[in-house]
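The exercises below concern a single protein chain. Work through each task before reading its solution.

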Amino acid sequence: MNIALLLQASVVMLGTGTPNPDPEHSGPAVAVVVNGAAYLVDAGPGVVRRAAAAAKRYDLTGLRAKNLGIVFLTHLHSDHTAGLPDLIHTGWVAERERPLRVYGPPGTRDMAMHLTSAWQEDIEVRTEGDQPHTRDGWKVEAHDIRAGIVYQDSNVVVRAFAVPHSNWKHAFGYRFETKDRVIVISGDTRPSDAVVEACHGCDLLVHEVYSAERYATLSAEWQKYHAGSHTSTRELAVLAGRATPARLVLYHQLYWGATDDDLLREIRQAGYGGVVVAGRDLERYP
Ligand SMILES: [Zn+2]
Ligand SMILES: [Zn+2]
């Protein structure tokens, strides 16, 4: 593989799923990989094992459990956070040296504290017995964030932007800016100008979606919920037309019986002519 490709920022879909326990779609989690380092967005169930699978497939050491050192949570819905204790504790057992860094909406610090105390017995047994262990790997450095730049280092500048998602007071999308790429991840959101502004001709827009056709088959209660929480194919077609990403990747697909081909067809029929692919677990997008 040529070196430019190795250095180029990319996105690996660790999980494209939703709360539905579909084995083809692990819990929502995306890795932005820059210079070999992985920056996770969300920690759905299965995140550590999917990361291990991606580490193997792409020979990316940054995705091995011990090297998963930082995660940005879009919101605290359980489908996006049920893998957090896995990240904390499996990473430690795999010999992560430093505390896991977690950035997320208000409530993130509390969640991290409770997860650590929930596994207190485990932590004591491992640190006080004769099991070899790193001293600080079980710890969590959690940050409750607001919209704006929330993190930067020599690889990335990460900006959180507020998105509207059901009745959550705080839900975010994230914009990653690297030397060669702008990558935007919508999180869970109904159609939002904030995503359009964050992308604005970005290289990669990873956006959640549901089937507009199958939506018609849902009960009135569920229609109301999803309309206030998520983005339909037709809405996404309009939104992406304004955001003009070089490539649109669908994730967190709510199918209700539709297929990825149906979702892509619905988006095209709604008038979107740009490059669009249906995200699949373990796919990598430059
Ligand atoms: Zn979700
Ligand atoms: Zn959600």
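**Exercise 1.** Is Asp86 buried or exposed? Find its salt-bridge partner and place both residues in the fold.

Solution. The model is a predicted one. Start with the accessibility of Asp86: its relative accessible area is 18%. Buried means under 20%, so Asp86 counts as buried. Next, look for a basic partner. The side chain of Asp86 meets that of Arg49 in a salt bridge, with an N to O distance of 3.9 Å. Asp86 belongs to helix H4 (residues 84-93) and Arg49 to helix H2 (residues 47-58), so the bridge ties together parts that are 37 residues apart in sequence. Finally, check the partner: Arg49 has a relative accessible area of 60% and is exposed. The pair therefore joins a buried acid to an exposed base.

**Exercise 2.** Helix H11 contains Asp260 and also Asp262. Determine which residue each of these acids pairs with.

Solution. Take Asp260 and its partner. Its side chain forms a salt bridge with that of Arg280 at 3.8 Å, N to O. Asp260 lies in helix H11 (residues 260-269), whereas Arg280 sits in the loop between strand E13 (276-278) and strand E14 (284-285), so this pair ties together parts 20 residues apart in sequence. Asp260 is buried at 14% relative accessible area, and Arg280 is partly exposed at 49%.

Now take Asp262. Its salt-bridge partner is Arg265, and the closest N and O atoms are 3.3 Å apart. Both residues are in helix H11, three residues apart, which means that about one helical turn separates them. Asp262 is buried, with a relative accessibility of 19%. Arg265, at 31%, is partly exposed.

**Exercise 3.** How many salt bridges does the whole structure hold, and which residues are linked in a network?

Solution. Begin with the principle: side chains of opposite charge can pair when their charged atoms come close. Then count the charges: the protein has 29 positive and 34 negative side chains. The centres of these two sets lie 4 Å apart. A search of the whole structure gives 11 salt bridges. Arg135, Asp136 and Lys139 are linked in a network of such bridges.

**Exercise 4.** Where does Thr18 lie, and which residues beyond its sequence neighbours does it contact?

Solution. First locate the residue: Thr18 is in the loop between strand E1 (10-15) and strand E2 (29-34). Then consider its accessibility, which is 9% in relative terms, so Thr18 is buried. Last, leave aside the neighbours within four places in sequence. The remaining contacts of Thr18 are Pro28, Asp79, His252, Gln253 and Leu254.

**Exercise 5.** What radius of gyration would a compact globule of 286 residues have, and what does the protein have? Add the other overall values.

Solution. For 286 residues the expected radius is near 19 Å; the protein has 19 Å, so the two agree. The C-alpha trace spans about 60 × 50 × 35 Å along its principal axes. For secondary structure, count 11 helices and 14 strands. Next comes burial: 54% of the 286 residues are buried. Of the contacts with a separation of 6 or more, 67% are between residues 24 or more positions apart. The accessible surface amounts to about 12,700 Å², and carbon and sulfur atoms contribute 51% of that area.

How values were computed. Residues are numbered from 1 along each chain as its sequence is written. Chains are lettered from A and ligands numbered from 1 in the order in which they are written. This is a predicted model: local features need pLDDT of at least 70, side-chain atom pairs count only at pLDDT 80 or more; totals for chains, interfaces and linings use all residues. Side-chain values use heavy atoms; hydrogens and water are left out. Helices (H or I, at least four residues) and strands (E, at least two) are DSSP runs, numbered from the N terminus. The radius of gyration is taken over C-alpha atoms; the globule rule is 2.2 Å times the number of residues to the power 0.38. Buried means under 20% relative accessible area, exposed over 50%, partly exposed in between (1.4 Å probe, protein chains only). Contact means heavy atoms within 4.5 Å. Accessible areas come from the Shrake-Rupley method with a 1.4 Å probe; for residues, only the protein chains shown count as cover. Lys and Arg count as positive and Asp and Glu as negative; His and the chain ends are not counted. The place of a charge is taken as NZ of Lys, CZ of Arg, CG of Asp or CD of Glu. A salt bridge is a side-chain nitrogen of Lys or Arg within 4 Å of a carboxyl oxygen of Asp or Glu.
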